[in-house]
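This report describes the internal spaces of one protein model, the ligand found there, and a few individual residues. The sequence and the structure are shown first.

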Amino acid sequence: MKIEKAKDLGLCFGVRRAIKLLKEAVNRYGELETLGPLAHNHLLVDALTNLGVKPINHLDQVQGGILAITTHGASPAVLSEIKAHHIHIIDTTCPIVHKAQNTAKELAEAGFDVIVFGEAEHSEVQGLLGWTGDKGLAARNIKQLDSSGKSLSYLGIISQTTQTRSAFIEFARQLMTMVEPKIEEMRLVNTLCQVTQRQQEAAMRLALKSQLMVVIGGGNSANTKRLVEICSPLVETHLVETADEVDNSWLFGKQHVGITAGASTPDEAVEELVAKLKFS
Ligand code: SF4
């Protein structure tokens with residue numbers, strides 16, 4: 001049985017950069033907290049917790065004087081609240097998310113209603129909406145915009161960084177059709193993460209020539225979910241968080257198994273999966 005890894009997969013530069021910043025901060029200050037998990041992968045979060053980097057869910061849970069903002073970023077209101085409590089911030093916001101935040105802010109300041117194509121409850125999207133003031137709305141389906149109460153005649157469109165390009169284009173196309181009778185001006189800015197795009201394209205190429213795809217990553221990781229969505233229509237696909245979750249029955253009769261991994265999946269987890277499949 002051939003086991004093949006996608007050409008681009010796994011831990012992205014944004015998460016690697018954040019881990020480096022957090023390790024440096026721990027060495028300098030000792031234990032610290034992150035507002036939410038650094039990324040949506042419990043193996044990664046557990047490894048950081050062992051180093052002294054602990055996630056908290058709300059600002060009122062802060063114990064120490066140092067708080068890290070995660071790769072997903074935060075809204076200006078959250079940043080102001082942290083500063084008001086005189087808490088030192090370690091900002092690990094991914095530069096690509098930071099650029100998307102600036103775009104959201106600039107569009108709102110220029111008078112546009114800002115539609116963020118993405119999952120409204122995701123922390124990155126919550127942060128992006130915060131940078132629009134009261135001019136932002138998140139949706140993954142244009143039907144969600146029907147009752148928005150906004151005029152939508154001056155419209156800015158951006159995307160959560162980890163969405164797929166094809167879904168973003170289709171959303172924008174449908175939105176354009178919906179607002180066309182009343183639109184004065186529309187600006188669409190491509191805020192998709194190119195690292196994620198390359199991983200998605202590599203996963204699709206591998207899925208097309210494999211008999212089974214195994215995606216390893218966090219079950220609540222947005223970019224991991226996109227990898228599953230891309231591979232599933234093409235070939236039998238399973239999502240696992242660790243190699244232990246592989247069911248040997250999936251491999252029966254398979255000659256070519258493909259592997260891809262979410263952008264917050266530790267390298268060791270990918271190698272454990274490769275080893276598990278090789279010796280099954
Ligand atoms: S997936 Fe892209 S946007 Fe998200 S942290 Fe990694 S590099 Fe940054």
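## Residue classes and the model

In what follows, Ala, Val, Leu, Ile, Met, Phe, Trp, Tyr, Cys and Pro count as nonpolar, Asp, Glu, Lys and Arg as charged, and the others, Gly among them, as polar. By these classes, the lining of the largest cavity divides into eleven nonpolar, eleven polar and one charged residue. The model is predicted.

## The largest cavity

A search of the whole structure yields three cavities of 30 Å³ or more. The volume of the largest cavity is about 280 Å³. Its lining comprises 23 residues, and those nearest the centre are Cys-12, Val-15, His-72, Thr-162 and Asn-223.

Four helices each contribute at least two residues to the lining of the largest cavity: H1, H4 (95-109), H7 (194-209) and H8 (222-231). The greatest contribution is that of H1, with three residues.

## The ligand and its surroundings

Where does the ligand sit? Its place is in the largest cavity. The residues around the ligand are Cys-12, Phe-13, Gly-14, Cys-94, Ile-96, Thr-161, Cys-193, Thr-196 and Ala-263. This shell consists of six nonpolar and three polar residues, with no charged residue.

Cys-12 appears both in the shell around the ligand and among the residues nearest the centre of the largest cavity. With a relative accessible area of 13%, Cys-12 is buried, because that value is under 20%.

## The two largest pockets

The largest pocket holds about 310 Å³ of space. Its lining is made up of 17 residues, with Leu-35, Gly-73, Ala-74, Val-78 and Ser-123 nearest the centre. Helix H3 (76-84) and helix H5 (123-130) each provide at least two residues of this lining, and H5 gives the most, with three. By class, the lining of the largest pocket has six nonpolar, ten polar and one charged residue.

The second largest pocket has a volume of about 250 Å³. It is lined by 14 residues, of which Leu-44, Ala-47, Pro-266, Asp-267 and Glu-268 are the closest to its centre. Two or more residues of this lining come from each of helix H1 (13-29), helix H2 (42-51) and helix H9 (267-278). H2 supplies the largest share, five residues. How do the residues of this lining divide by class? Nine are nonpolar and five are charged, while none is polar.

Helix H1 thus takes part in two linings: that of the largest cavity and that of the second largest pocket.

## Cysteines

How many disulfides does the structure hold? The number is zero. A disulfide is a covalent bond between the sulfur atoms of two cysteines.

Why does Cys-231 form no such bond? The cysteine sulfur closest to that of Cys-231 belongs to Cys-193 and lies 17 Å away, which is too far for a bond, because a disulfide requires two sulfur atoms within 2.5 Å. Cys-231 has a relative accessibility of 0% and therefore counts as buried. Cys-193, its closest cysteine partner by sulfur position, is one of the residues around the ligand.

## Individual residues in loops and strands

Leu-234 is located in the loop between H8 and strand S11 (237-240). Is Leu-234 buried, partly exposed or exposed? Its relative accessibility is 38%, so Leu-234 counts as partly exposed, a class that lies between the limits of 20% and 50%. The C-alpha atoms of Leu-234 and Met-204 are 8.0 Å apart, although 30 residues separate the two in sequence.

Strand S11 contains Thr-237. Thr-237 is buried, because its relative accessible area of 16% is under 20%. Along the chain, Thr-237 and Trp-250 are 13 residues apart, and their C-alpha atoms are separated by 9.4 Å.

His-86 belongs to the loop between H3 and strand S5 (88-91). Its phi is near 55°, a positive value in a residue other than glycine. The relative accessibility of His-86 is 73%, and His-86 therefore counts as exposed, this value being over 50%.

Notes:
Residues are numbered from 1 along each chain as its sequence is written. This is a predicted model: local features need pLDDT of at least 70, side-chain atom pairs count only at pLDDT 80 or more; totals for chains, interfaces and linings use all residues. Side-chain values use heavy atoms; hydrogens and water are left out. A residue is near a molecule or strand if one of its heavy atoms lies within 4 Å of it. On a 1 Å grid over the protein atoms alone, a cavity is a set of points where a 1.4 Å probe fits but cannot get out, and a pocket is an open set with protein on both sides within 12 Å along at least five of seven lines; lining residues have an atom within 4 Å of a point. A molecule sits in a cavity or pocket if more than half of its atoms lie within 2 Å of its grid points. Grid points are joined across faces, edges and corners, and a volume is the space filled by probe spheres set on the points. Buried means under 20% relative accessible area, exposed over 50%, partly exposed in between (1.4 Å probe, protein chains only).
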